[in-house]
Amino acid sequence: MEKEKIKVAVLGAGISGLSTAYWLIKEGYDVTVYESNRFPGGAMITETDDDYLIDYGPNSGLETTPLISKLVDEIGLKDQMIYANENASIRYILKNNSLHPLPTSAAAFLKTKLFSVKAKLRLMKEPFVGKSGDGYFQSIAEFVERRLGREFLDYAIDPFVSGVFAGDPAKLSVASAFPKLYRLEEIYGGLIKGMILGARERKKRNEESKQSAKMFTFYNGMQSFPQAITDKIKDNVRLKCIIEKIEKNDKGFKIYYSEQDFKFEATADIILSTMPAYKASEIYPAMDETIVKTLNNIFYPPVMVLYLGYKKENIGQPLDGFGFLIPSKEKKSFLGAIWSSTIFPNRAAKDKASFTLFIGGSRSPNLFNKNNDDLIKNVISEFSDIMKIKGEPELLKTKLWERAIPQYNLGYIQTESAIKKFEKENKGFFLGGNYLGGISVGDCVKNSEINLDRINSFVKNEYQK
Ligand SMILES: Cc1cc2nc3c(=O)[nH]c(=O)nc-3n(C[C@H](O)[C@H](O)[C@H](O)COP(=O)(O)OP(=O)(O)OC[C@H]3O[C@@H](n4cnc5c(N)ncnc54)[C@H](O)[C@@H]3O)c2cc1C
């Protein structure tokens, strides 16, 4: 059967769904993307307010694969793609109420006050630490403490884990959440050795490491990305369509959806769900109890994004970096702040500065109430103190993501196996999205190619024998 005759329904128009849909359409499939929102992008939401441009979801992505540039080019967005200001490469860590740059060279590491002499000496033992056990049941906290010592965990990895996953290092599985880090130990026997040898391998594969990959966004914010894909494939994207139920029959799949309170039905030969796991678990009655439970058990902690704007003249702290992260040990009410207007142009007027603060996550999932005014006041007061700010912000915007980022917690391999088993037993129904293969924008785009390959091999086996 020709691909033009094979109907693929992609559920969800976040970056995972849209990027996969784009390649599927190019390949010749008859694709429909169903999205419940009235706009595409899922977690990517950009808004403008007079002097400010606000990203409520990702502020940027890392160009870890050439696929990103290829996609951006093909959808005609290349001239809008911008890279982080070089000055913004310094990342600060809060310790004893002051900001310390995270050292990026051996000399800076020896000089920094972020780590004690004991911690620095401990790090030098790393190449001699033996391999650990099963990384799927080993937390990133255990892994790092064993290899690099407690202080490195507390003042480098703990804040880094909050910055990426809004996660708890004692709960995230090192092999599932940080597969590349775990691989360094597995393959090369250590992180330092692995980093040197791994760089050579990446060069061969034409890939960038997350540390050296360029940080990008778009002049008009991250939502431009899903919006431009949607514009390019607009005949294939159905917004305001809520998927309610999928049924399997001998011809393929029947899709039940509602659009502005009216009920509709459609058919598809292949389903690719990129909806969040807890939503995917609701739509397919043929799912057995194990997979429903598995999907529902993936923890998505709440995260509040607090976006603040100030006149530059009121900020005492030099704005010469990416922002800062706060280790749990420092006991503050928020996780860290990105200095949005320092990193990218067009985030605030010339004389203003804007900041994106993150609150909650796995570190304190029970922080939020119906009214979060006191919490927000407290965060602003702590932030002003750290940044030596005079007066109140002139812009204050919040968004509470009640279920923000899926946590690849200990034993996540069992989640992945249950999903594989489900797909084997329900041929033609694929699960995807940020709860599989990485949560970053870069990983979601990378996975779009993997999903395309998975669908192509299914079609080859089922339709083109
Ligand atoms: C606050 C925040 C900050 C982040 N910061 C960064 C960052 O700086 N860098 C980075 O790389 N990553 C970041 N991430 C992670 C990254 O943005 C996400 O992992 C990624 O965008 C997820 O894309 P997705 O398409 O897999 O899922 P989503 O974006 O969640 O898309 C799923 C889509 O499914 C739709 N849907 C749900 N139910 C239905 C239904 N019944 N019918 C139809 N459609 C439905 C939803 O409306 C949504 O559009 C951040 C995430 C958050 C929340």
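Which residues of helix 1 are buried? In this predicted model, the buried residues of helix 1 are Ile15, Ser16, Gly17, Leu18, Ser19, Thr20, Ala21, Tyr22, Trp23 and Leu24. Helix 1, which runs over residues 15-27, is accordingly described as mostly covered, with ten of its 13 residues buried. Its geometry can be checked against expectation: at 1.5 Å a residue the 13 residues should span 18 Å, and because the end C-alpha atoms are 18 Å apart, the two values agree. After the helix comes Gly28, whose phi is positive, near 110 degrees.

The cover over helix 1 comes from several elements, since its buried residues pack against strand 1 (7-11), strand 2 (30-34), helix 2 (66-74), helix 10 (224-232), strand 14 (270-273) and helix 16 (441-462).

Helix 1 also takes part in the surroundings of the ligand, where it is one of the elements that give two or more residues to the shell, together with strand 11 (241-249), strand 15 (303-311) and helix 16. In total, 37 residues surround the ligand, and the closest are Gly12, Gly14, Ser16, Gly42 and Pro58. Sorted by class, this shell holds 19 nonpolar, 16 polar and two charged residues. Residues of the shell are given both by domain 1 (3-42 + 224-298 + 408-462) and by domain 2 (49-56 + 62-87 + 300-401), and therefore the ligand lies between these two domains.

From the ligand, one can turn to the packing of nonpolar residues. The largest nonpolar core has 130 residues, of which Val8, Ile140, Ile271, Val303, Leu357 and Ile359 touch the most other members. Helix 6 (residues 150-165) supplies the largest share of this core, namely eight residues. Leu357 illustrates how such a residue is placed: leaving aside its neighbours within four places in sequence, Leu357 is in contact with Leu306, Leu308, Phe334, Ala337, Val379 and Phe383.

A charged side chain offers another case to examine. Glu185 lies in helix 8 (residues 179-188), and this residue counts as buried because 23 other C-beta atoms lie within 10 Å, where the cut-off for being buried is 20 or more. Not counting residues up to four places away in sequence, Glu185 touches Lys131, Ser132, Gly190, Leu191 and Gly194. As a further distance for orientation, the C-alpha atoms of Glu185 and Phe143 are separated by 9.8 Å, although the two residues are 42 residues apart along the chain.

Conventions: Residues numbered from 1 in each chain as written. Predicted model: local features only at pLDDT ≥ 70, side-chain atom pairs only at ≥ 80, totals over all residues. Core = buried A, V, L, I, M, F, W, Y, C linked by C-beta atoms within 7 Å. Buried ≥ 20, exposed ≤ 12 C-beta atoms within 10 Å, placed from the backbone. Helix = DSSP H or I, 4+ residues; strand = E, 2+ residues; numbered from the N terminus. Contact = placed C-beta atoms within 7 Å. Expected span 1.5 Å × (residues − 1). Near = placed C-beta within 6 Å. Nonpolar A, V, L, I, M, F, W, Y, C, P; charged D, E, K, R; others polar. Domains from an automatic or database assignment.
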